[in-house]
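Colleague: Please pick one part of this model and take me through it closely. I'd like one connected account rather than a list.

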Amino acid sequence: MPNRSWYCASQGQQHGPFPEAQFREFIASGKVRADTMVWNESMADWQRAGDIPGLIASAARPPAMPGRGPAPPRAGGSGPLSIDFEILDFVRQALIFFVGSILVIPLPWVLVSTLKWVTSRTRVPGRPGLTFAGKVETILWWYFGAVAALIVLNFVGGRIASYISLLVQFGLAWLATRWFVANLASSDEQPLGLQFAGPIWTYVGWSVLGALSTITIIGWAWVYTAQTRWICSNIEGTRREIVFKATGLEYLWRTIVTVIGCAFIIPIPWVTRWMMSWLASQTVLVERDAHSQT
């Protein structure tokens, strides 16, 4: 298969796709070694390059080195998502998002940039690459329209205007969820064909319940956990079911630890990575037949 594309893992990052000829050059130059984890579309799983017959001549085939790459996912299999990133990389992206949010106008551009950054560092079982193909142009009209509506509602004032403003924000969150899911893409930025099918009023109902649950101080954790399960269950277009398995208590104490850590400013990148990694690990892809039998 001379036209096949290759992926490889190095220093905890996934790279590719590379054409066959370029991949062979990597082997010749020593960039791909016998212990490098590689994958192409004809393989059922990731393997060490040295274990693939004829790929690396006379390879020594040593055991895989700890920490040299992500755990080999099974193509089309089940398992949890994972996410990892370098601290300095996170700080740079977080500062860009923070400044863009303060200035308001650049927010759509930094939002798309941040979503691309997050998805590129998310690992999905059985899928060698995940990207975000969303375009800024598709959200400009409803973003600036919503900003104008919120400004008018705040100017009008009053309790009714506040309630309408809150509903507008919940509606925007529903639109953003649909847009994000629809633009999840493969490594070549071809959309995966996913869609979020949850009704807007059900989404708004969950959001209102979440807002009201803050009165109980801790009840919000159970509401947001249940809402996340509902969102995952309404993602269509995949033969694998997306299950969020965290409990409200786990969500609560981890959020408290994260907030305390962020209060000291310096630990923010580390506690954020810890929280994001946990959230990813609680999002599991399950074969639908297997899940229905449990």
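Modeller: Let's start with Asp84 and Arg273, which form a salt bridge with their closest N and O atoms 4.0 Å apart. Asp84 sits in the loop between strand 6 (82–83) and helix 2, while Arg273 belongs to helix 9, so this pair ties together parts that are 189 residues apart in sequence. A salt bridge here is a side-chain nitrogen of Lys or Arg within 4 Å of a carboxyl oxygen of Asp or Glu, and by that rule the count comes to 6. Keep in mind that this is a predicted model: local features need pLDDT of at least 70, side-chain atom pairs count only at pLDDT 80 or more, and totals for chains, interfaces and linings use all residues. Residues are numbered from 1 along each chain as its sequence is written, and side-chain values use heavy atoms, with hydrogens and water left out.

Helices (H or I, at least four residues) and strands (E, at least two) are DSSP runs, numbered from the N terminus. For accessibility, buried is under 20% relative accessible area, exposed is over 50%, and partly exposed is in between (1.4 Å probe, protein chains only). On that scale Asp84 is partly exposed at 43%, and Arg273 is partly exposed too, at 23%.

Now on to helix 2 itself. This helix has 17 residues (87–103), which should span 24 Å at 1.5 Å a residue, and its end C-alpha atoms are indeed 24 Å apart. The expected span is 1.5 Å times one less than the number of residues.

Which residues of helix 2 are buried? They are Ile87, Asp89, Phe90, Gln93 and Gly100. They cover an arc of only 155° around the axis, so they sit on the same side of helix 2; the arc is that of the directions from the helix axis to the C-beta atoms. Helix 3 (107–120) and helix 9 (268–281) are among what covers these buried residues, where contact means heavy atoms within 4.5 Å. So helix 9 comes up twice: it holds Arg273, and it helps to cover the buried residues of helix 2.

Turn to the face of helix 2 pointing away from its buried side and you find the exposed residues Leu88, Leu95, Phe98, Ile102 and Leu103. Just after the helix, Val104 takes a positive phi of about 65°.

Asp89 deserves another look. It is buried at 17% relative accessibility, yet it forms a salt bridge with Arg92, the closest N and O atoms being 2.9 Å apart. Both partners lie in helix 2, 3 residues apart, or about one turn of the helix. Arg92, for its part, is partly exposed at 43%. There's a third member as well: Asp89, Arg92 and Arg121 are linked in a network of salt bridges.

For a parallel elsewhere, try helix 1 (residues 20–29). Arg24 forms a salt bridge with Glu20, with the closest N and O atoms 3.0 Å apart. These two are 4 residues apart in helix 1, so about one helical turn separates them. Glu20 counts as buried at 11% relative accessibility, whereas Arg24 is partly exposed at 34%.
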